[in-house]
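Please open the structure in your viewer and keep the selection tool ready. We will go from stop to stop, and at each one you will be told what to select and what is there.

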Amino acid sequence: MLFIILVFFSLFIFPVVWLNYILNKNNKTLINMPFNGLEFGNQILEENKLLNVKIEKTLVGDHYDLKERKVKVLEERISKKSLTAISIICHEIGHALQHKENYKPLERRNIIVKKTSWILNIGNIVLYSALPIVLSTGSIVFLKLCFIVAAFSLSISIIIQILTLDVEFDASFNRAYPIIKQKIPIQYHKACKSILTAAALTYVIGVIRNFLSIRFLWMIISKIR
């Protein structure tokens with residue numbers, strides 16, 4: 001049992017540790033870099049005639065907001081002259097380019113997310129609201145039902161992430177990386193590619209984490225009598 005727990009822990013934590021290592025390793029300020037993340041991003045937006053797209057800071061993680069047409073990144077990406085800041089902003093602008101070109105997989109992801117958001121919301125409500133109530137009342141049947149609903153919600157999330165992996169890889173390697181190679185000195189290309197890989201694999205990491213969470217929930221469900 002201890003071995004299984006250690007395996008689950010390793011598979012759950014290692015991808016996140018690797019992702020943070022890549023981003024932090026390349027987040028050092030480069031004095032010779034001619035632009036920070038915001039300046040670089042605005043230059044790319046202007047050159048690609050994405051004048052209706054804005055870059056702004058957020059607290060909820062780097063992403064492109066299709067509805068608002070905004071590239072939203074962590075505050076330090078805005079002002080920092082680092083490879084991580086530049087590469088992440090370039091990746092998110094990759095999504096803006098997809099949006100401009102009506103990239104079908106991006107439209108498909110948007111539709112899937114809209115149609116399944118209510119299921120994900122129910123799963124979150126169960127995990128954060130209903131579950132404490134169930135634990136306090138001690139209802140085994142209701143407890144098992146909550147775990148099943150949560151597992152179903154995570155399954156939907158996995159399906160969404162798998163179906164939209166091509167969106168992330170396209171944003172990193174077909175959109176962002178050619179721009180990086182054109183704008184950034186060649187000695188930084190390898191590091192930028194590793195950052196773009198990390199950005200693309202964020203969804204893969206999400207799949208792994210959700211799968212392990214489902215497996216863990218299923219183990220609990222099977223033990224409930």
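Before selecting anything, learn one term: a residue is called buried if its relative accessible area is under 20%, exposed if it is over 50%, and partly exposed in between, using a 1.4 Å probe and protein chains only. The model is a predicted one, in which local features need pLDDT of at least 70 and side-chain atom pairs count only at pLDDT 80 or more, while totals for chains, interfaces and linings use all residues. Residues are numbered from 1 along each chain as its sequence is written, and side-chain values use heavy atoms, with hydrogens and water left out.

**The whole chain**

Show the protein chain as a cartoon, where you should find nine helices and three strands; helices (H or I, at least four residues) and strands (E, at least two) are DSSP runs, numbered from the N terminus. Followed from the N terminus, the elements run α-α-β-β-β-α-α-α-α-α-α-α. Of the 225 residues in the protein chain, 45% count as buried. If you switch on the surface, the protein chain exposes about 12,800 Å², of which carbon and sulfur atoms supply 66%; accessible areas come from the Shrake-Rupley method with a 1.4 Å probe, and for residues only the protein chains shown count as cover.

**A pair of rings**

Select Phe-35 and Phe-40 next. Phe-35 counts as buried because its relative accessibility is 9%, and Phe-40 is buried too, with a relative accessible area of 0%. How many aromatic pairs are there? The count comes to two, where rings of Phe, Tyr and Trp (its six-membered ring) pair if their centres lie within 6.5 Å, and planes under 30 degrees apart count as stacked, over 60 as edge-to-face and the rest as tilted. The rings of Phe-35 and Phe-40 have centres 5.0 Å apart and planes at 40°, so this pair is tilted.

**The nonpolar core**

In soluble globular proteins, nonpolar side chains tend to be buried together. A nonpolar core is a set of buried Ala, Val, Leu, Ile, Met, Phe, Trp, Tyr and Cys residues joined through side-chain atoms within 4.5 Å. Select Met-33, Phe-40, Ile-55, Leu-83, Ile-93, Ile-180 and Ile-184, which touch the most other members among the 36 residues of the largest nonpolar core. The elements giving two or more residues to this core are helix H1 (2-25), helix H2 (37-47), strand E3 (70-74), H4, helix H7 (165-183) and helix H8 (189-200). With eight residues, H4 gives the most to this core.

Stay with Ile-93, which is found in helix H4 and counts as buried at 1% relative accessibility. Contact here means heavy atoms within 4.5 Å. Not counting residues up to four places away in sequence, Ile-93 touches Gly-41, Ile-44, Leu-45, Leu-50, Ile-55 and Val-71. Ile-93 and Ala-176 are 83 residues apart along the chain, yet their C-alpha atoms are separated by 7.5 Å.

From there, move to Ile-44, which has its place in helix H2 and is buried, with a relative accessible area of 1%. Leaving aside neighbours within four places in sequence, Ile-44 is in contact with Ile-93, Ile-179 and Lys-183.

**A polar site**

Now select Gln-98 in helix H4 (residues 83-100) and Asp-170 in helix H7. Is Gln-98 buried or exposed? Gln-98 is buried, with a relative accessible area of 0%, and Asp-170 counts as buried at 8%. A polar contact of 2.8 Å joins their side chains; a polar contact is a pair of N or O atoms within 3.5 Å, and within protein one must be able to donate a hydrogen and the other to accept it, while residues adjacent in sequence count only if both atoms are side-chain atoms. Beyond its neighbours within four places in sequence, Asp-170 is in contact with Gln-98, Tyr-103 and Arg-175.

Add Tyr-103 and Arg-175 to the selection: the charged end of Arg-175 sits over the ring of Tyr-103, 5.1 Å from its centre, where the rule asks for NZ of Lys or CZ of Arg within 6 Å of the ring centre and within 35 degrees of the ring normal.

**Last stop: a loop**

Finish at Asn-102, in the loop between H4 and helix H5 (104-137). Asn-102 has a positive phi of about 55° although it is not a glycine, and at 45% relative accessibility Asn-102 counts as partly exposed.
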